[in-house]
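Biologist: Could you take me through this structure? I would like to begin with the ligand.

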Amino acid sequence: LKAMEENNQKQRAAHCLIFPYPIQGHINPMLQFSKRLQQKGVKITLAVTKHLSKTTEFKSETISLETFSDGFDDGVPPGYDVETYLNTFREVGTRTLKETLQVMSDSGRPVDCVIYDPFLPWGLDVAKELGLYGAAFFTQSCAVDLIYHRVFTGELKVPLPDPESEILIPGLPPLKMEDMPSFISVHGSYPPIFEIVVDQFRGMEKADWLFFNTFYMLEEEVIEYMAKSSPVKTIGPTIPSMYLDKRLPDDKEYGLSVYKPNTAACMDWLNERQPDSVLYISFGSLAQLGNGQMEELAWGLKLSNKHFLWVVRSSEESKMPSNFLQETSDKGLIVSWCPQLDVLAHEAICCFITHCGWNSTLEALSMGVPMVAMPQWTDQSTNSKFVMDVWKMGIKAQKDEKGIVRRETIDRCIREVMEGEKGEEIKKNALKWKELARESMCEGGSSDKNIEEFVASLGSNSL
Ligand code: UDP
């Protein structure tokens, strides 16, 4: 009987539980990573809060879904304080995640490894308490994580003593204050979120693997520096295979979308446009623009005289200048959410005006789409610095003394990205990054090798 049991054990596929912070920008990359693991024979279960599972639709034929409680099964009441929410999430989540894992084990679906989001570092505590492997999945760039790590260790003191001088961090180019994540450059902004990003490294030494959604060539210097002290594994970009290495079957339907995309409207409209003629504008799932900025952006688009596809989430709609839609109806399409990857991959798109969220940045790089960067907060300013000065794949639009990017600046940046020698160089670089992103995910590429290695060690260690 024992021999049979051992044999059964050997035949069981390794099983990972994926545990993202419940926002779109964390769910997407962790689900795409899951897909890669699954293709290499790993069984995957996605764990989400009960409220998220009730309010969204998870589409996958092969990945199982488990729910646990964050203490707010009917949603967080409006105006609820973020800090209190996070504390409750930790307290309730620690207990309910553990229960979920125990039930899975008791019902013959034991988990070998919890792939946790370091925004929820207690996911690792739960894994370790149950004697499971724990792997961190960092959803931001290595550069940004290194900055936060230095705050965590106390090597970077916030507020910075001299806001005027350059900030020198090994592995990174010299940075100005405006290039730092907003929690550092605007000290005291969003204290609970600053705490989350710094706390990501708590207990990290107990993690068995550290995954980063980036690729070696993109952040070579910082990765080499970090690798001296931590076993950094790059596994990105976590873009669906159909846009990169094309080794996995197409499945556009796969995923969990907090917002519903207006797919047909966007794609039909794009199909009518000329190649390389449309601006795509999106500020991701969270950023809120001020009324003044929204107005300048709108009139900047009109000034550019180009066609545009602009994502304005319904919560942002009221900020649109009242006569703008009428005045630009022959030029633009405004939607509340779009299938961003299909849009970026469309031949009509020539430039992406972006907030430089890390996913959007990686997606534009991987599709070879030049960017005009308009960072709003969190890591976006650091990402935009790299887009402009390191990867040379776009231009950062400068704010005026009131902190607003004016319409003339937006128009000028669009032209710079599209025209002249600079435009040519940006386009050349865009194609270079597109190719390097693809290579990293192809068989034997740097990220593919790391994923392969993880799956092999998971198999040999746990089974
Ligand atoms: N996204 C999308 N449709 C949209 C706007 C955004 O599918 O209309 C996706 C985008 O492809 C990316 C994610 O939402 O994967 C946004 O993540 P990002 O890190 O760029 O920004 P965040 O929302 O976290 O600020």
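Modeller: A definition comes before that: helices are DSSP runs of H or I with at least four residues, numbered from the N terminus. Please keep in mind that the model is predicted.

Biologist: Which helices each supply at least two residues of the shell around the ligand?

Modeller: Helix H2 (24-39), helix H13 (340-345) and helix H14 (358-367) each do so. H14 gives the largest share, four residues.

Biologist: And which residues come nearest to the ligand?

Modeller: Among the 19 residues around the ligand, those are Gly-25, Gly-284, Gln-340, Gly-357 and Ser-360. Sorted by class, the shell holds eight nonpolar, 10 polar and one charged residues.

Biologist: Back to H14, then. At what angle do H14 and H17 pack?

Modeller: The angle between H14 and helix H17 (residues 420-441) is about 100°, and their axes are 6 Å apart. Angles of 65 to 115 degrees count as roughly perpendicular, and H14 and H17 are therefore roughly perpendicular to each other.

Biologist: Which residues meet there?

Modeller: From H14, Leu-365, Ser-366 and Met-367 meet Trp-433, Lys-434 and Ala-437 of H17. By class, this contact has four nonpolar residues, one polar and one charged.

Biologist: A new topic: is H15 mostly covered or uncovered?

Modeller: Helix H15 (residues 380-390) is mostly covered, with nine of its 11 residues buried. Phe-386, Val-387 and Met-388 are among the buried ones.

Biologist: What covers those buried residues of H15?

Modeller: The cover includes helix H6 (142-153), helix H7 (182-185), H14, strand S14 (371-373) and strand S15 (394-396). Just after H15, Lys-392 has a positive phi of about 45°.

Definitions and conventions
Residues are numbered from 1 along each chain as its sequence is written. This is a predicted model: local features need pLDDT of at least 70, side-chain atom pairs count only at pLDDT 80 or more; totals for chains, interfaces and linings use all residues. A residue is near a molecule or strand if its C-beta atom, placed from the backbone, lies within 6 Å of it. Ala, Val, Leu, Ile, Met, Phe, Trp, Tyr, Cys and Pro count as nonpolar, Asp, Glu, Lys and Arg as charged, and the others, Gly among them, as polar. A residue is buried if 20 or more other C-beta atoms lie within 10 Å of its own, exposed if 12 or fewer, and partly exposed in between; C-beta atoms are placed from the backbone. Two residues are in contact if their C-beta atoms, placed from the backbone, lie within 7 Å. Axes are lines fitted to C-alpha atoms, for helices over the stretch in contact, and angles run from 0 to 180 degrees between N-to-C directions. Angles under 35 degrees count as roughly parallel, over 145 as roughly antiparallel, 65 to 115 as roughly perpendicular and the rest as oblique.
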